Amino acid sequence: KMHQKVIPQKKKEEKKPSSKRLAVEDTRVSTPQEPEKKTAQKIIPNPDENTPTADKVPAKKTFQQEIAAQKAGGRTGGVYIPPFKLAAMQKEMSKMNKTSKEFQRLKWEKLRKGINGLVNKVNVANIKMLIPEFFELNLIRGRGLLARAIMKAQLASPGFTHIYAALVAVLNTKLPENGELIMKRVIVGFRRAYKRRDKVVATAFIKFIGHLINQQVSHELIALQLLTILLEDPTDDSVEIAVNFTKEVGQVLEQLSPRGLHAIFERFRGILHEGEIDKRVQYTIEGLFAVRRSGFEDFPAVLPELDLVDRSDQISFELGLEDKLDKQELLDVFKVDEEFEENENLWKTIRGEILGEDSDADDESGSGDDESEDGDSDEEAAWDGPTGIKGPATTDIRDMTEQDLINLRRTVYLTIMSAVGFEECAHKLAKLEIPEGHEMELCNMLIECCSQERTYLRYYGLLGQRFSLMDRRWSETFDKAFEDQYAMIHRLETNKLRNVAKFFAHLLQTDSLPWTCLEYIHLNEEETTSSSRIFIKILAQELSENLGIAKLKARFNDPYMMQVFSGIFPMDDNPRNTRFAINYWTSIGLGALTDSLRQHLKDAPKRLREQQMQLARQQASRGHRSSSSSSSSSSSSSSSSSSSSGSDSSSSSSS
C-alpha cells in the first residue's frame with residue numbers, strides 16, 4: 001500500500017496497455033490457471049519496471065506529522081521514540097503553532113504518558129512525594145486519562161487498591177470532578193460485571209468502592225445498597241463477594257451506620273441457617289463473624305500512612321447503584337481544543353493556587369540568599385518566619401478540646417475496672433499524679449462506676465476511704481461531691497440511688513468523710529423530694545446497721561454538732577417541720593433518734609407562754625419608760641417658766 005501511494009498516476013496508466021497485451025497473448029494457450037494469472041497481474045504491480053522520477057516525488061512530511069501519524073496508527077498509542085528524536089521533536093514543537101492539531105496531539109500524548117507513569121509508580125512510601133507531580137499535569141484536560149489509568153492499574157493489581165483510593169481522596173479535595181468521574185466509572189463497571197457474572201472484575205471493582213467509602217469519597221449508603229443487592233438472592237459467588245466487601249467497609253459502617261451493619265449481619269446469619277450455599281462459603285461467613293467480634297482489627301479502614309486527608313476537607317458523593325451515570329467516555333479520546341492556550345493558562349493559575357507556587361518561589365529565593373551568605377548564621381537563627389520579625393517569639397497554645405481531660409477520665413475508668421483489689425487500684429491511681437483541680441474527676445468517676453453496678457460493692461467504698469484518708473484534699477473533694485450528688489439525686493434511678501447512698505454511708509461510718517456534709521440536708525416537706533427522702537432513708541439505715549443505734553444517737557446528740565444537724569433534726573419555731581421530721585424518722589424505723597425532737601415539741605407550748613409573758617413584760621417596761629419620760633419633760637417645762645418670771649420681776653425692780 002505504501003508503494004502504491006508513491007507511484008504517480010501516469011505510470012499506472014502506462015502500465016495498463018502492457019497488462020492488456022499480456023492478457024491477450026496469454027489467451028493463445030488455454031490452461032486452467034489463466035484466470036488466476038490475470039487477476040494476479042491486475043492486482044500486484046511490478047515495482048522494478050515503474051519507479052517515480054525525482055521531479056514527481058511528493059513533498060516530504062514534517063517530523064512532527066510523521067510522529068503524529070505513527071501515534072494515531074495503533075491502539076497502544078504509538079511506537080517507541082528514541083531520545084534524540086524526542087529532543088529534536090521538542091525543539092520543533094516550540095516553533096510550531098500551538099493551535100495546530102499536531103501540537104495538541106503531541107501534548108496529549110505527553111500528558112497520557114505522564115499520568116500513566118505516575119500511576120504506575122505510586123506506592124505507600126512515595127505517595128506524598130508523587131502527589132505534587134500529579135498536580136503538575138493538566139488533570140482537568142486529562143481527567144478521563146487519569147480515571148482510565150487508575151482503574152486499569154487497580155484491575156491489574158487489586159492488592160494496591162487502598163493506595164489508589166488514597167490517591168483519589170487527595171485529588172478529590174482539590175479537583176472534585178476527577179473523584180466524581182472515577183466513582184461513576186467504577187459503579188458502572190461493577191454493574192456491567194455483575195450483569196455479566198464476571199466474578200474477578202466485580203470483586204476488584206467492589207473492593208475499589210469499599211476503599212473509596214473508607215476514604216469518604218463516596219457515601220456509606222452505597223455500601224448498604226451493594227450488600228442488599230448481593231444478599232437478596234444469595235449464590236456462592238455473591239455471598240463470597242459480600243463477605244469480602246463487608247470486611248473492607250465493616251469498620252467504617254460500625255462507626256457511621258451501626259444499625260445498617262447489624263441488619264446485614266442478621267441477613268448473613270439467616271443465610272447461614274438456611275444452609276443452601278456451599279460449605280466453603282459458609283466457613284467464610286463464620287470467619288466474618290469472628291472478624292466482627294475482634295472489631296475488624298485485621299481490616300483497618302485506612303492505614304495511618306494513607307490517612308492524608310482531613311475528614312472536614314473531604315468531599316463525599318452520594319451516588320446510588322440505580323442512578324443514571326454518565327461515564328463521559330469522550331474524555332479519553334483526543335479532541336482539538338480551539339481555546340488551547342487559554343485553557344493551559346487557566347490550568348497554570350489553578351495549579352499555582354493548589355501548589356502555592358508563588359510562596360514556594362519566595363521561599364526558594366530566600367533560601368538562595370541564605371546559602372550565598374554563610375556568615376550570617378546569627379541573623380538566620382534570629383529570623384522568625386516570613387514576617388521578618390527578629391527575636392524569640394513565644395506562642396501560648398491552649399487546647400480547648402479538653403482532650404487531656406478525656407484521656408484522664410479514660411485512664412481512671414480503665415484502672416478502676418481492671419484492678420483486682422482496692423489496694424492495687426489505689427496504688428495505680430496514686431501513681432497517675434492527678435494534677436490539682438482535677439480531683440473531682442476521680443471522685444465523680446468512682447461514684448459513677450459504683451452507681452452502674454447491680455448491687456453495691458464494698459470495693460468502691462474501700463477505695464474512696466483510702467483516698468480520703470490519704471490526703472485532706474480528697475476528703476474535701478468527696479464533701480463537695482456529696483453536695484453535688486444530693487442536689488441532683490432526683491435524676492438517679494432507684495438502684496443507682498441506693499448504691500450512691502451506701503457509698504457515702506461507708507465513708508461516714510469510717511470517718512473518711514466529715515459529718516459536716518450532712519448540713520446540706522434539710523428535712524422538711526418543702527425542701528425534700530421522694531428521691532431525696534429515699535436517699536436519706538438508705539443512708540441513715542446503713543449507718544444504724546453498721547454503727548448501732550446507740551452510737552448513732554450519741555453522734556447526732558453531740559452538742560458541738562447541733563448546728564450541723566439542725567437541718568436533719570429541725571428545732572426551729574415552726575412545729576410543722578419538727579412534726580414532719582418525727583414522723584419521717586419513726587416511719588423508717590429510727591424513732592429512737594427523735595427523743596430530743598419529741599421533747600422539743602412537748603415543751604413548745606410552755607416556751608410559747610414564756611415568750612408571750614416575756615413579750616408582755618417588755619411592752620410594760622416600754623410603757624413605764626415612756627410615762628416617766630413624759631413626766632420629766634413636763635416638770636422641766638414648769639421650772640423653765642418660773643425662772644423666766646423671776647427674771648422679769650428683777651428687771652422691773654432695777655428699772
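Student: How many salt bridges does a search of the whole structure find?

Tutor: The search finds 20 salt bridges in the whole structure, and since every value here is computed from a predicted model, each of them is best discussed as a feature of that model.

Student: What makes the pair E109 and R112 a salt bridge?

Tutor: The side chains of E109 and R112 meet with 2.8 Å from N to O, and the cut-off for a side-chain nitrogen of Arg and a carboxyl oxygen of Glu is 4 Å, so the pair qualifies. Both residues lie in helix α6 (residues 101–121), 3 residues apart, about one turn of the helix. An α-helix has 3.6 residues a turn, so residues three or four places apart point the same way. E109 is buried, and R112 is buried too.

Student: Which parts of the chain does the salt bridge between E240 and R280 tie together?

Tutor: The closest N and O atoms of E240 and R280 are 3.3 Å apart, a value that lies within the 4 Å limit. E240 belongs to helix α13 (residues 236–256) and R280 to helix α15 (residues 279–293), so this salt bridge ties together parts that are 40 residues apart in sequence. E240 and R280 also take part in a network of salt bridges in which K199 and D237 are linked with them.

Student: Why is E240 called buried, and why is R280 called partly exposed?

Tutor: E240 has a relative accessibility of 17%, and because buried means under 20%, E240 counts as buried. R280 has a relative accessible area of 42%, which falls between the limits of 20% and 50%, so R280 is partly exposed.

Student: How do you know that R472 and E476 form a salt bridge, and what is the exposure of R472?

Tutor: Their side chains meet with 3.3 Å from N to O, within the 4 Å cut-off, and both residues lie in helix α23 (residues 472–487), 4 residues apart, about one turn of the helix. R472 is exposed because its relative accessible area is 62%, where the threshold is over 50%. E476, with 46%, is partly exposed.

Student: How do you know that the span of α23 agrees with what its 16 residues should give?

Tutor: At 1.5 Å a residue, the 16 residues of α23 should span 22 Å, and the end C-alpha atoms are 23 Å apart, so the two values agree. The buried residues of this helix, among them W474, F478, F482 and Y486, pack against α21 (439–452), α22 (458–470), α24 and α25.

Student: Why is N524, a residue in the loop between α24 and α25, called buried?

Tutor: N524 has a relative accessible area of 9%, which is under the 20% limit, so N524 is buried. Leaving out residues up to four places away in sequence, N524 touches N577 and F580.

Student: Why does D313, in the loop between α15 and α16, count as partly exposed?

Tutor: The relative accessibility of D313 is 48%, and the class of partly exposed residues lies between 20% and 50%, so D313 belongs to it. D313 and K174 are 139 residues apart along the chain, while their C-alpha atoms are separated by 9.4 Å.

Student: Which residues touch the most other members of the largest nonpolar core?

Tutor: In that core of 83 residues, L139 and F268 touch the most other members, and helix α9 (residues 161–174) gives the most to the core, with 9 residues. The contacts of L139, not counting residues up to four places away in sequence, include I115, F134, L171 and W347. Another core, of 62 residues, lies apart from the largest one, and Y456, F482, V500 and I536 are among its members.

Student: What makes M417 eligible for a nonpolar patch on the surface?

Tutor: M417, which is in helix α19 (residues 403–418), is partly exposed because its relative accessibility is 41%, and patches are made of residues with over 30%. Together with Y413 and L414, M417 forms a nonpolar patch with about 290 Å² of accessible area.

Student: How many helices and strands does the protein chain have, and what percentage of its residues count as buried?

Tutor: The protein chain has 29 helices and 2 strands, and of its 655 residues 35% count as buried.

Conventions:
Residues are numbered from 1 along each chain as its sequence is written. This is a predicted model: local features need pLDDT of at least 70, side-chain atom pairs count only at pLDDT 80 or more; totals for chains, interfaces and linings use all residues. Side-chain values use heavy atoms; hydrogens and water are left out. Patches are made of residues with over 30% relative accessible area and no salt bridge: like charges are joined within 9 Å, nonpolar side chains (Val, Leu, Ile, Met, Phe, Trp, Tyr) within 5 Å. Accessible areas come from the Shrake-Rupley method with a 1.4 Å probe; for residues, only the protein chains shown count as cover. Buried means under 20% relative accessible area, exposed over 50%, partly exposed in between (1.4 Å probe, protein chains only). A nonpolar core is a set of buried Ala, Val, Leu, Ile, Met, Phe, Trp, Tyr and Cys residues joined through side-chain atoms within 4.5 Å. Contact means heavy atoms within 4.5 Å. The expected span of a helix is 1.5 Å times one less than its number of residues.
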